[in-house]
Amino acid sequence: MHAIGVDIGGTKIAVGVVDADGRIVAKLRRETQPQDPASIDAAIADAVAELAQTYEFHAIGLAAAGFASSDRNHMTFAPNIAWREYALGDKVRELVGRDDVAVVVENDGNAAGWAEYVHGAGQHAQNMTMITIGTGIGAALIVNGELVRGAYGFAAELGHMRVVPDGLPCGCGRRGCWEQYGSGSALTREARRAGIEREVRAAALLARAGGDAARIGGPDVTAAAAEGDELAIELLHDLGTWIGEGLASVAAILDPEVFVVGGGVVAAGDLLLEPARQAYAEHVPAQGLRPTTPIVAAEMGNDAGIVGAAALAREAVVG
Ligand SMILES: [Zn+2]
């Protein structure tokens, strides 16, 4: 049976028809206005109507960055879209106008994690923790085969664990959060700093950014590291170390069978993951008394949000 998965971004949406094996058989994109939630509802309904001409489905999963309430109908808050206690599920259900289609709302990190759990790197585990390294650190927790949403939909905000007392300020209003050190933004910040403070060592990175330190991006670091650039390798090593240390604390709470790491920087492979594994081994409580939890790269790529949203919606129908 097909299901629809929708990945709602700040300025565009991607709507996919997903089969039971997690394959996307059709995909549409629409531009949207982040300050105008109604434009997003309308774009979703429009794409769904177009796909309904060709495909049969009874479930629509909507995934977006932000707090999705545990009723799976409201977006409580989103950083990039003007949603405040917004009944996204109801709005889309109304516009789609079909009684035989279920609509569920999910956090995008949870959707991506569910895709990895059902179809990707976590499919043989009952207990899986996924983190996504991006602007911040997104996360999804699968415990005993169930997605953990929390009592109010605020669970799995691992990026806001405090790892440095009185550390760098964070967008959440606190200081020293993990994502200030272990995210793609942190990697870019450190690479740009090196471009200014260590101009000679950063020559390869600066060359990729047209000589402007402020234009160095994460993909520049990954590409330079792949070519053997020492500074880029060191930057990925530092990022991996922060990731591994944080995962060691997560293991103390959740004890998963596998950690899945997603996000663009995972293209660096073992240049990132091996330092993470080392730091994890050094910091995990009761090391030597417990099995070593594998830290592996995500497999589902950029489509994980669509695939996971569709899979979660399908589950809601099947029950
Ligand atoms: Zn924070």
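Two exercises with worked solutions follow, on the nonpolar cores and on helix 9 of a predicted model.

In this predicted model, local features need pLDDT of at least 70 and side-chain atom pairs count only at pLDDT 80 or more, while totals for chains, interfaces and linings use all residues. Residues are numbered from 1 along each chain as its sequence is written, and side-chain values use heavy atoms, with hydrogens and water left out.

**Exercise 1.** Determine which residues have the most contacts inside the largest nonpolar core, and which helix gives the most to this core.

*Solution.* Start from the term: a nonpolar core is a set of buried Ala, Val, Leu, Ile, Met, Phe, Trp, Tyr and Cys residues joined through side-chain atoms within 4.5 Å, where buried means under 20% relative accessible area with a 1.4 Å probe, protein chains only. The largest such core has 42 residues, and I131, L205, V221 and L272 have the most contacts inside it. Among the elements that give two or more residues to this core are strand 9 (128-133), helix 4 (184-197) and helix 8 (270-283), with helices (H or I, at least four residues) and strands (E, at least two) taken as DSSP runs numbered from the N terminus. Helix 7 gives the most, with ten residues. Apart from this core lies another, of 31 residues, including I40 and V101.

**Exercise 2.** Establish how many residues of helix 9 are buried, and what span the helix reaches.

*Solution.* Helix 9 covers residues 304-318, and its 15 residues reach 21 Å from first C-alpha to last, close to the 21 Å expected, the expected span being 1.5 Å times one less than the number of residues. Eleven of the 15 residues are buried, among them I306, L312 and R314.

Note on methods:
Buried < 20%, exposed > 50% of the residue type's maximum accessible area, 1.4 Å probe, protein only.
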